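Here are a few exercises to work through with the model open beside you. Try each task before you read its solution.

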Amino acid sequence: MAAAAAVVSKVLIEIFESVTEYVNYDDPEAIRQSEDAYRIALAHLAKTWGEQLLELAEEPPTPLTSHDVQTIDALVEKVSAVISQLNDLDRARTLGPGEQRHTALRESDAAILKALEEMAHMMLGLNGPRGVTLWLKANAAPMYRRLYRLSRDIARRNQVLRARRHPWRHDSPSIGNQH
């Protein structure tokens, strides 16, 4: 278990180090390079979770019920949805000086990083002394919800990167926001 914790910690540190400061997000090439590094690190961790879950279903340490297998399948589908969102950024607009967009990206990153830490903690329990069925009973529902929110947070981050303006806050005054 200590080895698994060390690997997860190393991966999380790699992800933390790949989070950009957005100062160069006025250059499309800088955006691509920063986003590639960040998204690859995130996808690598998600892929590791998916592989652990698939391995659990294919070679369980103890017999699994059909419900256990269905639960694992549902979790793997959510991991796949996270990876799909990470692969969904086909274009990004330069951010320019808009501090609200930078703030929106930082908020998204904070939510994503918090979710990663929570998921990593739950996944570490998989290597613990509890049986798979007990682990699934304790962790499947919270993991499913966390993976759903993680996918949603990445989708929102994608929206911010694609939009000329922040999609759910206005960078500039509009008819309803003019002072």
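**Exercise 1: one alanine**

A41 sits in helix 2 of this predicted model. Work out whether A41 is buried or exposed, and which residues A41 touches beyond its neighbours in sequence.

*Solution.* Start with the relative accessible area, which is 3% for A41. Buried means under 20%, so A41 counts as buried. Next, look for partners, skipping residues up to four places away in sequence: A41 touches E14, I15 and S18. Finally, check the backbone: the C-alpha atoms of A41 and F16 are 9.2 Å apart, with their positions 25 residues apart along the chain.

**Exercise 2: from I15 into the core**

Now go to I15, one of the partners of A41. Find what I15 touches, then find which residues touch the most other members of the largest nonpolar core.

*Solution.* Leave out residues up to four places away in sequence once more, and I15 touches Y38, A41, L42, L45, L113 and L116. Then step back to the core: it has 35 residues, and I15, W49, L53, L116 and L150 are the ones that touch the most other members. Now ask where the core residues come from. Helix 1, helix 2 (28-58), helix 3, helix 4 (99-125) and helix 5 (132-162) each give at least two. Helix 2 has the largest share, with nine residues. There's also a second, separate core of eight residues, and Y25, I31, A104 and L105 are among them. As background, nonpolar side chains tend to be buried together in soluble globular proteins.

**Exercise 3: two helix pairs**

Decide how helix 4 lies against helix 5, then do the same for helix 3 and helix 5.

*Solution.* Take helix 4 and helix 5: their axes come within 9 Å and cross at roughly 160 degrees. Angles over 145 degrees count as roughly antiparallel, so helix 4 is roughly antiparallel to helix 5. Their crossing is left-handed.

For helix 3 and helix 5, the axes are 9 Å apart and the angle is about 20 degrees. The cut-off for roughly parallel is under 35 degrees, so helix 3 and helix 5 are roughly parallel to each other. Helix 3 also passes helix 5 in a left-handed crossing. To see who meets whom, pick out the contact residues: helix 3 brings, among others, I72, L75, V79, V82 and L86, and helix 5 brings residues including L136, M143, L147, L150 and I154. L150 turned up before, in the list of residues that touch the most other members of the largest core.

**Exercise 4: the whole chain, and how far to trust it**

Describe the overall make-up of the protein, then say where confidence is lowest and where it is highest.

*Solution.* Count the elements: there are five helices and zero strands, giving the pattern α-α-α-α-α along the sequence. Of the 179 residues, 39% are buried. Among contacts between residues at least 6 apart in sequence, 77% join residues at least 24 apart.

On to confidence. The protein averages a pLDDT of 80, and 80% of the residues score at least 70. Helix 1 (residues 2-18) is lowest, with a mean of 65, and helix 3 (residues 66-86) is highest, at 94. Over residues 1-5 the pLDDT is below 50, and this stretch has six contacts beyond near neighbours in sequence. Residues 166-179 also fall below 50, with 20 such contacts in the model. Where pLDDT is low, the predicted coordinates shouldn't be read in detail.

Definitions and conventions. Residues numbered from 1 in each chain as written. Heavy atoms only, no water. pLDDT = per-residue confidence, 0-100. Helix = DSSP H or I, 4+ residues; strand = E, 2+ residues; numbered from the N terminus. Contact = heavy atoms within 4.5 Å. Core = buried A, V, L, I, M, F, W, Y, C linked by side-chain atoms within 4.5 Å. Buried < 20%, exposed > 50% of the residue type's maximum accessible area, 1.4 Å probe, protein only. Axes fitted to C-alpha atoms, helices over the stretch in contact; angles between N-to-C directions. Parallel < 35°, antiparallel > 145°, perpendicular 65-115°, else oblique. Left-handed = near helix turned anticlockwise from the far one by under 90°.
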